[in-house]
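Visitor: Please take me through one part of this model in close detail. I would like to see the strand pairing at the start of the chain, and then whatever side-chain links lead away from there.

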Amino acid sequence: MSAVDPGKGAPVNDTPATSAAPVAPLIEARGLRKHFERPRRFLAKAAAPLRAVDGVDLQIAPGETLGLVGESGCGKSTTGRLLLRLIEPSGGTILHHGEDITQLGVAAMRSKRRAMQIVFQDPYGSLNPRMRVGDIITEPLVIHDVGDARSRAARVRQLLDLVSLPASALQRYPHEFSGGQRQRIGIARALALEPEFIVADEAVSALDVSVQAQVINLMRELQRDLKLTYLFISHNLAVVRNISDRVAVMYLGRIVEVAPADALFARPLHPYTQSLLAALPSDHPSQRKTGLALRGDMPNPDTIGTGCRFASRCPHVQPRCQTDDPVLRGDTHQVACLRVADGTLTA
């Protein structure tokens, strides 16, 4: 898996962004925000909230895999947890089949969670080391009062078979398995309630490369057989390109580019995306990369002001970038960049 060098392309039209999905989205976020309050120190002025996610618009179609990429600290994992309401948003709306789940009460949201699950990054830390695998996978069925003891046992055996683990795993503990096997257990637990939407939060980043490929292939097979929809969060662009239908690029709490995976890797438009792809290693020395590597670190969210958030690191920055805040524009290939919008910057 390798990145394709950026090629030449035309600028996008300066028109409001529209959905790239051909059907009504399964999951949609509109203006999603999460600002974390900071503890106030004694006799100190109250600190401004941490703007982890600050106005995210996303649509995920049924059966689609949307990859979400960006540097550590950009808000990817927070976005995934917000979509499931594992943490409460500070603003915006989250729609599931058109229903705003931010307005649901505790009981209604508990029922809704059967359709939306998560696979965590750490396949060991996410499993209770004191519980046997059979009990770990059965737990969601017990919590949601699904079936009786016999039907639950049958369902757990079916799930183990789905993730290619032997029935003998039922009586073993998480520490007796490899990292890849533990992640398969986590996937089986996520599938227990027959969800339609799964957030995979860095689900393969802690695994060896060969094991990553096995788990990704498993996830693709499950998606095909069970009609699943994924939000696949990762900082590994090569993995994201392999599994995703579309890719959203996130920077400092905002989405800066969204496009079909092949189009984004072949013709990235935003300078941040171009820099990310330029930093990828080539398969062969003769394959030279174009574009500039990122300079400096991602700014502290406390310093967010007016204008483009990427301006402090952008090789194409202009004075207006310091004052005008770009929004996503385009059709199937959307980008938030002032210079791309007016045609003065292309891939």
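Guide: Strand 1 covers residues 27–36, and strand 2 covers residues 50–60. The two pair in the antiparallel sense, over 8 bridges. One residue pair fixes the register: Leu32 has Val56 in strand 2 as its bridge partner. This is a predicted model, so read each distance below as computed from predicted coordinates.

Strand 1 also pairs with strand 4, residues 91–96. That pairing is antiparallel too, with 5 bridges. Here Arg30 is a useful marker, since its bridge partner in strand 4 is Thr93. Strand 1 therefore has antiparallel pairings with strand 2 and with strand 4, each meeting the cut-off of at least two bridges. In a regular strand, side chains alternate between the two faces of the sheet.

Stay with Arg30. Its side chain meets that of Glu28 in a salt bridge, 3.0 Å from N to O. The two ends of this pair differ in cover. Glu28 counts as buried, because its relative accessibility is 11%, under the 20% limit. Arg30 is partly exposed, with a relative accessible area of 44%.

Now move to strand 2 and find Asp54. Its side chain forms a salt bridge with Arg309, at 2.5 Å from N to O. This link spans distant parts of the chain: Asp54 sits in strand 2, whereas Arg309 lies in the loop between helix 9 (271–278) and strand 11 (329–330). The two residues are 255 residues apart. Both ends are covered. Arg309 counts as buried at 12% relative accessibility, and Asp54 counts as buried at 7%.

For contrast, look at Arg224 and Asp225. Their side chains meet in a salt bridge of 3.1 Å, N to O. Arg224 counts as exposed, at 54% relative accessibility. Asp225 is partly exposed, with a relative accessible area of 49%. Back at strand 2, Asp54 belongs to a network: salt bridges that share partners join Arg51, Asp54 and Arg309. The structure holds 12 salt bridges in total.

What about disulfides? The structure holds 0 of them. Such a bond is a covalent one between the sulfur atoms of two cysteines. Take Cys314. Its sulfur is 6.3 Å from the closest cysteine sulfur, in Cys337, so the two are too far apart for a bond. The cut-off is 2.5 Å. Cys321 is in no disulfide either, and the nearest cysteine sulfur, that of Cys308, is 6.1 Å away. Cys314 counts as buried, with 9% relative accessibility. Cys321 counts as buried as well, at 10%.

Finally, set this part against the whole. The protein chain has 10 helices and 12 strands. Of its 347 residues, 49% count as buried; Asp54, at 7% relative accessibility, is one of the buried residues. Among contacts with a separation of 6 or more, 68% are between residues 24 or more positions apart. The link from Arg309 to Asp54 has a separation of 255 residues. The accessible surface of the chain comes to about 16500 Å², and carbon and sulfur atoms hold 50% of that area.

To retrace the route: begin at strand 1, between its pairings with strand 2 and strand 4. Pick out Arg30 and its salt bridge to Glu28. Then cross to Asp54 in strand 2 and follow its salt bridge to Arg309.

Key
Residues are numbered from 1 along each chain as its sequence is written. This is a predicted model: local features need pLDDT of at least 70, side-chain atom pairs count only at pLDDT 80 or more; totals for chains, interfaces and linings use all residues. Side-chain values use heavy atoms; hydrogens and water are left out. Buried means under 20% relative accessible area, exposed over 50%, partly exposed in between (1.4 Å probe, protein chains only). Helices (H or I, at least four residues) and strands (E, at least two) are DSSP runs, numbered from the N terminus. Contact means heavy atoms within 4.5 Å. Accessible areas come from the Shrake-Rupley method with a 1.4 Å probe; for residues, only the protein chains shown count as cover. A salt bridge is a side-chain nitrogen of Lys or Arg within 4 Å of a carboxyl oxygen of Asp or Glu.
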